[in-house]
Number of protein chains: 2
Amino acid sequence: MEADNSRTEEYLESIYKLQQEQHPVSTSRLAEHLKLSAPSVSEMVKKLTGKGLVFHSEKGVCLTDDGKSLAKKVIRRHRLSERLLTDILGYKWDEVHDEACKLEHAISPEMEDRIAESLGNPKTCPHGHPIPDKEGNLVKEKVKPLSELKAREKGIIVNVFEEDPNMLKYLASLGMLPDVCVKVEEIAPFGGPLIVCVAGSRYALGREVASKIKVK
Amino acid sequence: MEADNSRTEEYLESIYKLQQEQHPVSTSRLAEHLKLSAPSVSEMVKKLTGKGLVFHSEKGVCLTDDGKSLAKKVIRRHRLSERLLTDILGYKWDEVHDEACKLEHAISPEMEDRIAESLGNPKTCPHGHPIPDKEGNLVKEKVKPLSELKAREKGIIVNVFEEDPNMLKYLASLGMLPDVCVKVEEIAPFGGPLIVCVAGSRYALGREVASKIKVK
DNA sequence: TCATAATATTAGGTATACCTAATCAAAAAA
DNA sequence: TTTTTTGATTAGGTATACCTAATATTATGA
Ligand SMILES: [Mn+2]
Ligand SMILES: [Mn+2]
Ligand SMILES: [Mn+2]
Ligand SMILES: [Mn+2]
């Protein structure tokens, strides 16, 4: 019978994403992201180790080459799903994450190809993240968080590292979407907000939020 | 946590389909269709009974009103998925069944609506079967098997009660698709084939195959 | 009617993936 | 350095959905 790898895929996907923040991923961070208990994750990580998909370093869990390869396949399916949802079915960018997170496990390689083709082989998901190609290559643009720009500096939004629908909805309402130009007018002291200018309007943006927005 | 009803959905879907052939569905027939052992099905049917989705009559398993309602939801998602695959992603009618059978469990009510709308609220799947509406209403056309037509009688193909890709591929190669007109030229005796005329060409069609093709 | 065959269910077991409570180990604080 | 806190794992358990082998039930047909 055909195995159901959806849990394995979900773990690898999470590990891949979390390692972008800090390299070896801790059990607790992974458990938090997957909304599972630490022992559950601990146990599953052991199984993934047995399958040669992850290994344990000093500081935490790392993906093996096989694990990385599978993770990128899942991420490709996830991001293509998001594009299908926005470009063809008319979803907003804040509505697609959870749907795509289920769809990604129900998509065959055949279907993945067809979606990519039908969409004209898109390079990024609606949040600006690169879609790995069939071989697992993905182009990471050199970016920095909006929060690191200095006063009077400009940047173009590349992507938004955030999956919370409310946050995304909020950002969309300010017009802060990929490819949009943002200027930091001034930076309030003592960890205060950034005053940014987007399409002629000025907004005060918290540091936390600004750090999720990556610009070039 | 959100429950995974995919197995429940798969059982109800099968029961619904099989009961169209013969009303109360036997455990063995169900096991065969689901490609599972009889004891597995026996056990699962007991669980479905506990959930109030099916009940046991003399002759076999029947859907309760709740069961029928859920089954029709699954079938709606299945058939909309098939249409998405053919109409938007360019699949052939013989390639969609298995893909749709996985997709149908990963589609939210929200997404179901969006697919239906994007496709212009189609009335049937690529095989000619009606797509139940949101409320579970579905229009069954009055049809009979092609095998019951008499010599020289004509009919229009309404649907094909078959999910085997090879059979569907074969029928498509003869141009035998929904809405196509077929004329039975003659019927060979002793259970022999039907000689049919489709779009000017004549073909010999086995009785078994002809009984799967429903015409009006 | 009685034996045979088909169907359904029970019994007992496996794999997967989750949980809480308890324990162990490492890091940070006192 | 000893204590406390945080983090990870072990121990023991549950739910779900599958399996094979054995048994029971129902039909069929000789
Ligand atoms: Mn996911
Ligand atoms: Mn995305
Ligand atoms: Mn199905
Ligand atoms: Mn169909």
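These legends describe close-up views of a predicted model.

Residues are numbered from 1 along each chain as its sequence is written, while chains are lettered from A and ligands numbered from 1 in the order in which they are written. Local features need pLDDT of at least 70, side-chain atom pairs count only at pLDDT 80 or more, and totals for chains, interfaces and linings use all residues; side-chain values use heavy atoms, with hydrogens and water left out.

**View 1. Chain B laid on chain A.** A turn of 180° with a shift of 0.0 Å along the axis places chain B on chain A at an RMSD of 0.1 Å. The two copies are thus related as by a two-fold rotation axis. The same surface serves both: 100% of the contact residues of chain B recur in chain A. Superposition is by least squares on the C-alpha atoms of residues with pLDDT of at least 70 in both copies. Contact means heavy atoms within 4.5 Å.

**View 2. The protein surface near DNA strand D.** Strand D is surrounded by 17 residues. The closest are A:Ser28, A:Ser42, B:Arg7, B:Ser37 and B:Ser40. A residue is near a strand if one of its heavy atoms lies within 4 Å of it. Helices H2 (27–34) and H3 (38–50) of chain A each supply at least two residues, as do H1 (6–21) and H3 (38–50) of chain B. H3(B) gives the most, with five residues. Helices are DSSP runs (H or I, at least four residues) and strands are runs of E (at least two), numbered from the N terminus. The surface has six nonpolar, seven polar and four charged residues. Ala, Val, Leu, Ile, Met, Phe, Trp, Tyr, Cys and Pro count as nonpolar, Asp, Glu, Lys and Arg as charged, and the others, Gly among them, as polar.

**View 3. Phosphate contacts of DNA strand D.** Of the strand D atoms within 4 Å of the protein, 64% belong to sugar or phosphate and the rest to bases. B:Ser40 places a polar side-chain atom 2.3 Å from a phosphate oxygen. For A:Lys46 the distance is 3.0 Å. A side-chain N or O atom of A:His56 is 3.3 Å from a phosphate oxygen. A polar contact here is a pair of N or O atoms within 3.5 Å.

**View 4. The protein surface near DNA strand C.** Here, too, 17 residues surround the strand, the closest being A:Arg7, A:Ser37, A:Ser40, B:Ser28 and B:Ser42. Sugar and phosphate account for 63% of the strand C atoms within 4 Å of the protein. H3(A) gives the most to this surface, with five residues. A polar backbone atom of B:Ser28 is 2.8 Å from a phosphate oxygen. The side chain of B:Thr27 has an N or O atom 3.4 Å from a phosphate oxygen.

**View 5. The site of the manganese ion (ligand 3).** B:Glu10 (OE, listed twice), B:Glu13 (OE), B:Cys101 (SG) and B:Glu104 (OE) are the protein donors, 1.8 to 2.6 Å from the ion. Donors are N, O and S atoms within 2.8 Å of the metal (3.2 Å for Na, K and Ca); water is not among the atoms, so sites may look incomplete. The donor spacing is E-x2-E-x87-C-x2-E. B:Glu13 lies in helix H1 and B:Glu104 in the loop between H5 (96–103) and H6 (109–118) of chain B, so the pair ties together parts 91 residues apart in sequence. Both are buried, meaning under 20% relative accessible area (1.4 Å probe, protein chains only).

**View 6. The site of the manganese ion (ligand 4).** The protein donors are B:Glu82 (OE), B:Cys125 (SG) and B:His127 (ND1), at 2.1 to 2.5 Å. B:Glu82 and B:Cys125 are buried.

Notes
A polar contact is a pair of N or O atoms within 3.5 Å; within protein, one must be able to donate a hydrogen and the other to accept it, and residues adjacent in sequence count only if both atoms are side-chain atoms. Buried means under 20% relative accessible area, exposed over 50%, partly exposed in between (1.4 Å probe, protein chains only).
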